[in-house]
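Good morning, colleagues. I should like to take a few minutes to present one protein model, and I ask that you keep the display in view as I speak.

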Amino acid sequence: MQTSKIITVTLILAAFAGGIYLGKGSEGTTVITNSHNGASYSGGYDKTLGQQSSSTKKSAVSVRSQEGQTHVVKSGDSIMDAVKAASPGDTIQVMPGTYHETVYIDKDDIRIIGVIKQGKRATMDGKGVLNDAILYSGNNIVVENLLITKYKGNGIMGQAGNNFEIRNNIIVDTGIYGIFPQLGQNGIVEHNVVSGIEDAAIYIGMSDNIHVAHNVVFDSVAGIEIENSRHAIVENNYVYNNTGGILAFITPGLPIKTTFDVIIRNNFITDNNTANFGAPGSTVAGIPAGTGILVMAADEVIIEDNIITGNKTAAIIITDHENAPNTTMDPGSDPVPDKIMILNNLMANNGYDTIDEVKALMLTEFKQDNPDIIQVGSSRDSCIINRHRYVTVGVNDWAECEFTNTSEIDSYILDEPVAARVIAGSEKGKIAYLGVCAGCHTYTGRMIGPPVQIIQALYMDNPQGVADYINSPTKKRDDYPEMPPQNYLDAETRLAVANYMLQVKS
Ligand code: HEC
């Protein structure tokens, strides 16, 4: 059912009406464009706006407000106790051993550094009962070298913290999201190995200025997902055996409504054919197995120099909201993916066992070969080079790109850390809603939890009821997972977020 909606018959008609001219581009001279030495992309994020610019690649973003102390946590001790004892600037060294706990970091400038000794790591094991391994709401947080396994919710989740570094962690069989910075600016996710995740292994949610590089991501539903975020580079990752490899999305119904300026380059995106095991009804449950890259409603997405092979549905699917499964429309979001730019890429052996809806769409262009690039619905101002290399559908009216590479852009990480997010008392509810609840609830549609509209109807005049529920949720719906308790939030924040959730309008 999930894939059956991806392309409907009406769409096929729309493709004709939209003027996809049969056969165009298949005759005449082939335009061959060398991706090297050509013009570079001159768009993207302008770092000189408000900041000093330098061309050096940034590999760290956290700032130390002062040289702090080091707290050593040994097997049998609690990491959380060390966090409680720590002051901003401190480092917590976690020695090899097994830790069975949830760590919540609500202060700034804390580094959690696992110590790896002869291959033995500090291991956080949720034993299938705990929800989250590491949650942080502080700024300038570093989490490195941990092994995290068997949690039900998140491996590492950021809730509105800026300037984060999540590096060198191994996250295995851990619930819904592996690494999930939500509502953060200026962050690096690199050199992690993430597998066995029911939703997104690496999920960048509602964030800005992000660098996701050198990660290995496999056996998950979504590999790397850039959602309702801007100025993100996803490069040099190895993404295989997921249902969908790399996604750039606008999820409707979230408080931040856009995704744009995303560069997906130099990744290996191979054999993402794992049967979809996402929670039924969730957005990612609609991804057809065998999708290399999926762009949904996002704008200004550059796809460059990736090696995309062995993905059975297609190498790249670009869709608007209307034709995507499991999505609702959001009046606050433009549903159309605009300015998609496909530069040089190696695509081979994709689309060899594609879905019927794609086959039907191909027939509108009288094609029966295995598809590489599929564009469903409309898209404005998109461009491509060397289109003759690929089997495509829906891109005949795309222009030639006026540039051939992004070599002028190293990183969207800022040269100076952004200011720590300071949350005024009156903003507590809003920030907790954006930073925590919006990870699982959208306004109109089903995400992990039920739509906020439904919750508003249930709890209209009862914010205390919501505050009590999130403190210790009970199972209410057979067809949803359990909601994890949010009891690490203090009572004041729980009530503030309840009030905010009950009055939010989109
Ligand atoms: C990890 C995902 C997740 C997060 C984060 C989350 N929820 Fe939920 N929520 C769920 C799920 C799943 C359900 C459905 C549970 C059920 O019906 O048994 C749910 C249900 C609810 C309900 C419905 C209770 C009822 O009586 O039907 C409320 C209220 C709620 N969540 C509020 C919140 C608030 C407020 C936040 C943020 C502080 C939040 N949730 C964060 C997953 C989440």
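I shall begin with the overall form, then turn to the cores, one group of strands and the ligand.

Please bear in mind that what you see is a predicted model. The protein contains seven helices and 34 strands. Its radius of gyration is 23 Å, close to the 23 Å given by the globule rule for 506 residues, so the protein is as compact as a globular protein of that length. Taken along the principal axes, the box filled by the C-alpha atoms is roughly 70 × 50 × 45 Å. As for burial, 54% of the 506 residues count as buried. If we consider contacts between residues at least 6 apart in sequence, 60% of them join residues at least 24 apart.

Let us now consider the interior. The largest nonpolar core has 113 residues, and the members that touch the most others are I202, I264, I293 and A298. Which residues does I293 contact, once its neighbours within four places in sequence are left aside? They are G245, I246, I264, I269, I303, I308, A315 and I316. Another core lies apart from this one; it has 24 residues, including A160, Y433, A498 and M501.

I turn next to strand 6, which covers residues 122–125. Its side chains alternate along the strand. A122 and M124 point to one face and are buried, whereas T123 and D125 point to the other face and are not buried. Strand 6 has a parallel pairing with strand 3, residues 97–99, over three bridges. Within that pairing, M124 of strand 6 is the bridge partner of Y99. Strand 6 also pairs with strand 9, residues 146–149, again in the parallel sense, here over four bridges. In this case A122 stands opposite L146 of strand 9. The two buried residues of strand 6, A122 and M124, thus each appear in a bridge: A122 with L146, and M124 with Y99.

Finally, the ligand. How many residues surround the ligand? There are 29, and the closest of them are C437, C440, G449, R477 and M483. By character, the shell divides into 20 nonpolar, five polar and four charged residues. Three helices each supply at least two residues of this shell: helix 5 (452–459), helix 6 (463–471) and helix 7 (491–503).

That concludes my presentation, and I thank you for your attention.

Technical notes. Residues numbered from 1 in each chain as written. Predicted model: local features only at pLDDT ≥ 70, side-chain atom pairs only at ≥ 80, totals over all residues. Near = placed C-beta within 6 Å. Nonpolar A, V, L, I, M, F, W, Y, C, P; charged D, E, K, R; others polar. Core = buried A, V, L, I, M, F, W, Y, C linked by C-beta atoms within 7 Å. Buried ≥ 20, exposed ≤ 12 C-beta atoms within 10 Å, placed from the backbone. Contact = placed C-beta atoms within 7 Å. Rg over C-alpha atoms; globule rule 2.2 N^0.38 Å. Pairing = 2+ DSSP bridges.
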